[in-house]
Every structure is written in structure tokens, then in C-alpha cells.
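Dear colleague,

I am passing on the structure we spoke about, and below it I have set out what came of going through it. Please read the notes with the coordinates open beside you.

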Amino acid sequence: MLLELHKVSKHFSGLVAVDNFDMSIGAGELVGLIGPNGAGKSTIFNLITGVLPVTKGKIIFDGEDITDKRPHEVAELGVGRTFQLNPLFSDFTVLENVVASFHLRPKSSVLSALLNTTTYRKHEASIKEQAMEILKLLGLDKVKDELGKHLPHGHRLVLGIARALAVKPKLLLLDEPTRGMSLEEIDLALGAIERVCQQGVTIVLVEHNMEVIDFCDRVVVMSFGRKIAEGSIDQVRKNEEVIKAYLGDINAA
Amino acid sequence: MKWKLPYLSTRGNMAKPGFWAGLLIILLVLPLFIKSPYLIHIINMTFIYIILTVSFRTIMTSGQLPLAHAGFMGIGAYVSAIAAKWFGLTPWLSIPLGALVAMGVGILIGYPFARLRAVYYAMISLFFGMLILSAVKAFAKWTGGAAGLTAIPPLLGFSKVPYYYFFLGLTAVSLLVLYRLEISRPGVTWKAIAQSHLVAASVGINEARYRIIASAIGCLFAGIAGATYAHYNTVVGTTSFSFMATIMLLIYVVVGGVGSFIGPIVGVFLLMTVPELLRELREYVPYISAAIVLIVVFLMPKGVTGLVKSFLSWLAELWKSRRTSDAP
């Protein structure tokens, strides 16, 4: 298993946001994490990537315990991610966004940058090349000189994925990739996700859009911080708990 | 403000060797034509404040507002002055010592301060700056307290011209180091953190580490500026290192343009050097400065440098469109 969550809980001073949550993701999988608003899906991402501290439980990534690791350490181990609302380096151009994200591999010391050593220049040249490759792969090469803040919504998400790819991730966490997008933008996003998948990157995505969920190998359904179902989309669709979570308890009414 | 990464674009104006060679020659022969020691003194002070203000902006590029920066200049000044005056160390050794102590303190407070961002960081650094001044007043036996420390051993005697060449060289080296850092990976990383610490961490950037590196480098140069100032002026007092002094640095940066490396240099020149040169206007300087700040804040969001750049690119556009319309 590439990623394992063992009985992970997150309490926000009394409020239980995530409760004894178990999840296993195998290498190469494309898994959808779904559930009603406020179910705790984004919190799961923030726990995995160390943005929020875990209250109880254990998170294992690629054989290593990452429960108490800080965000940059988790990234270093090979977990890339995007955020809801797609924040970016808004005063950098698209290319600069990706170049700045190549912080880990290859890594240059401050001193080598100051002295402008041959190795440093080689590193930067290869970074620029790799950044251009990523932009081409995701279809962003035409807007490479646009400022981040001038990008339309759909491109912002794809740029988020491009940035995450600079980490050379084994696992990619996408938080509501198609939120608030037009149909055209969704096509752009789906195309990008598909191409990343083909590169062999494992993906977990939080999503409401069923068109995107249909792409997934498997879905995990959350409600009120708990996992209520797991399996193929057809299995989950018939699950009574899931129907109850989304539509409310019909019998209780 | 737009952070430009010049190393990605084709070589910009900063890299034109002819321009820099010319400027260097002018600066090298300048003292031959200036007979007034007072004028040389103003230029020397300009050099010191350029180092100080540019290093202040270096810390700012990492998203931190170091309101203790003049205080760090003070650390460099007092450590070096005390080491030379009371312990007989030669200024050539006490100046690096003062600079390193300023950097060391910058790193030490960097660790706890890196937990705070934006206005909270600004506040805690403001208090730390006040703490430095209180320490100076508390140890009056060594520092001279509020009355100031006098009879500090000079670095190069009492004539102004040797110092001119010393500060010219020091400023050139300092600017080269800070510019090199700005346009290479560390500078990119600082600007990335400043724009979104969340996104920066998600690509593996250790925010605390890079903020501390920025502070360390900024404080090192503040210490250098302070220590050399002490052995140039031979008298130091607390006012040069106060909160107000830091605010002046901030004003120089904002007026010059925070988005560009030469912004703070332009700011120091416009608001410190020029008013000093126009001595008759001196008593109006605070009003003129305030007016300039207001004009800049309301009309030139990118500072004077930004305005000049926009104007130049507008001219270039105009030139281009002329040429294309001329073509049949």
C-alpha cells in the first residue's frame, strides 16, 4: 500500500471533524473521496500533508510514518497536492510558478546560488526544461508568460497540478479540482488529470462532480467525519447509508 | 507588485557591463572633483544607508516586515564600537565581529519569530527593536546610554575621502551579493513564501528555514552598515537605531518601489541624499517627505522605480508601433 490511514481522528476543540478514519490507497490507483459538504474530506488532505496536526491515529506513506511530519517534509517524501480555491504564486508567471516549485529535485544550496557555480547553473537549466515539459504535458505552454493572477479558473487548477508535479510526486491529492468550473474548463481539468494518471502517479481526489468521479477506480464515501462506504461507484450508489447521507433519512421524515 | 525573475527572462538592464563599468569609473574619479568634505560625507552616508535599506528590502521579499532593522544596525554599531573602544580590538576585526553578532541575534530570534506571520511578525520585531534600545540604555556604562558613545576609534582616520573609497567598495560588494541572491533560487523561494506560504510548503519549501536565512542575511548587512558607521562617525547615539529610523527605511523602500532591487536605492537617494544637498530646504524636509510618500502611495503603487519602468515600456511600445506603422 502506498498510503495507509489507521484510525485517524481530528478534533477541533470538542468538534470531531474526522473520527477513526481508515483508508488504504494502492500504488497507481485513482481514488475519489466523496461525501456531503463538511464531511471532513479536505481535513483528511490537510492531515495527510501535515497542514493540520493529527489528534489520534497513524498515517503511513510509502512505508514511512508521516503522522507528525510538517508540510514541506511530506512534500519531500513525494506527496503533491492542490488546494481548494487554487491559491498560487499570483505575482509569478505560469512558468515561474512551476520553476519556483522545483525546490527539491534538483536541490541547490544558498551558497552555490550565490556563487553561481556550474552545478547550480546546470540545475537551473534542467529545472527550466522540466518545467516546460510539465507545462506542455498539461497544455499550459501557451499561457506560460501570463501572470498567475490573470489566469482563468480552469487554468489555475491545472497550474496547481503542474506545480505539484514539480515535487515529482508518487501521490497526488487534488482538492475539488473542478469546483466552480464551466464545462469547457472541466474538460481541460479532466484531460490534465488523465495525463497525470498515465504517468503512473497515484491520485486521490475530493470531488462533487459525478462526471469526474466516474473516472475513478474506486470511491471512499465520508459523512460527519466517518467512512460510511467504500467500493466501486455502482456499489456505493446502491449503498443505503450513502443515500441517507446525501438525501437524509426518508423514514425519519 | 510584480516580482520579476530576471534569470528567466533575457538579460535585463542590470546585466549591461558597459553601463556598470561607466558608473564605476565615474564613482572612482568623483572625489577628485568634489572639494567639499561635507558633500563627501553625505555620499558616504548614502552608501551606508543604501546597504541598510537594500538589506531591509531583502528581508521584506520573504514576506516579513523587520521593524527592528535599524536596531540590528545598532547591534553591529555598538558591538563593534565597544570591542574597539573598551577592549582595544582593531576596527578591522571589530567590524566583522559586530556584523556577525547582528547576524547571530537575527538567527536566534528568527526561530521563535518564524512562527508568526504578517502583522504579528511586524509587531514582535518592533518590540524586539525597542528591547535593543532599552539594552543600550541599561548598559550605559559600556554604551554611553542615551548620551551616546563617543571617541570610537576611527577605521581610516578622520579624513572623509578614504572612507569614500571604502564605502564604495563595500556597497558594491554588498549589492552584488544581495542582487545575486535575489535573482537566483533563494530569492525565488523568498518571493514564493511571501505570496503563499501554504503553496510554498506544499512544494517542499521549508518556510521557517528560508525566512530565517533571509533574516540572517539582512541582519548581517545591517550589522555591517552599523559597524562601519560607528567607526566612520566615531560617535553613535540611539536615535539612529530607533523605531523611527526603521520607519524611514520602510519609507525609502516604499517610495523607491518594493518590487524592484534598485527601488530602495532610488528611495534613499530621493529622500535622504537630495534633501541633505538642499540644505536651505532642510527644515521643510519632513513635510516634503510626507508629501512625496502620500503621492507615491496614492499614485504610484509600484514606487518611483515602477513608474519609470512603466514609462520606459510605454515609450518602447510607442517606438515599436511607430516602426510597424512606418513599414509599408
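In this predicted model, a good place to begin is the pairing of strand 9 (residues 218-223) with strand 10, both of chain A, which run antiparallel to each other and are joined over 5 bridges. Within that pair, M222(A) has K227(A) of strand 10 of chain A standing opposite.

Helix 1 of chain A (residues 41-48) packs on the sheet to which these strands belong, where it touches strand 3 (30-34), strand 6, strand 7 (171-175), strand 8 (202-206) and strand 9 of chain A. The direction of this helix makes about 145° with that of strand 7 of chain A.

The sheet itself is open and has 6 strands of chain A in the order 6-7-8-3-9-10, with mixed pairing. Its edges are formed by strand 6 (79-81) and strand 10 (226-231) of chain A, each of which pairs on one side only. On average, and with direction ignored, neighbouring strands of the sheet are turned by 20° against each other.

As for chain A as a whole, 10 helices and 10 strands are found in it. Its radius of gyration is 19 Å, close to the 18 Å that the globule rule gives for 253 residues, so chain A is as compact as a globular protein of that length. The C-alpha trace of chain A spans about 70 × 40 × 30 Å along its principal axes, and 44% of the 253 residues of the chain count as buried. Of the contacts in chain A with a separation of 6 or more, 68% come from residues 24 or more positions apart.

Turning to chain B, helix 7 (residues 160-183) has 24 residues and should span 34 Å at 1.5 Å a residue, which agrees with the 34 Å between its end C-alpha atoms. Among the buried residues of helix 7 of chain B are Y163(B), Y164(B), F167(B), T171(B), S174(B) and L178(B). The buried residues of this helix pack against helix 4 (110-115) of chain A, as well as against helix 1 (17-33), helix 2 (37-61), helix 8 (185-195) and helix 10 (207-233) of chain B.

Helix 10 of chain B, for its part, has 27 residues and reaches 38 Å from its first C-alpha to its last, close to the 39 Å expected at 1.5 Å a residue. This helix is mostly covered, with 22 of its 27 residues buried, and just after it T234(B) takes a positive phi of about 60°.

With best regards

How values were computed:
Residues numbered from 1 in each chain as written. Chains lettered and ligands numbered in written order. Predicted model: local features only at pLDDT ≥ 70, side-chain atom pairs only at ≥ 80, totals over all residues. Helix = DSSP H or I, 4+ residues; strand = E, 2+ residues; numbered from the N terminus. Rg over C-alpha atoms; globule rule 2.2 N^0.38 Å. Buried ≥ 20, exposed ≤ 12 C-beta atoms within 10 Å, placed from the backbone. Contact = placed C-beta atoms within 7 Å. Expected span 1.5 Å × (residues − 1). Pairing = 2+ DSSP bridges. Axes fitted to C-alpha atoms, helices over the stretch in contact; angles between N-to-C directions.
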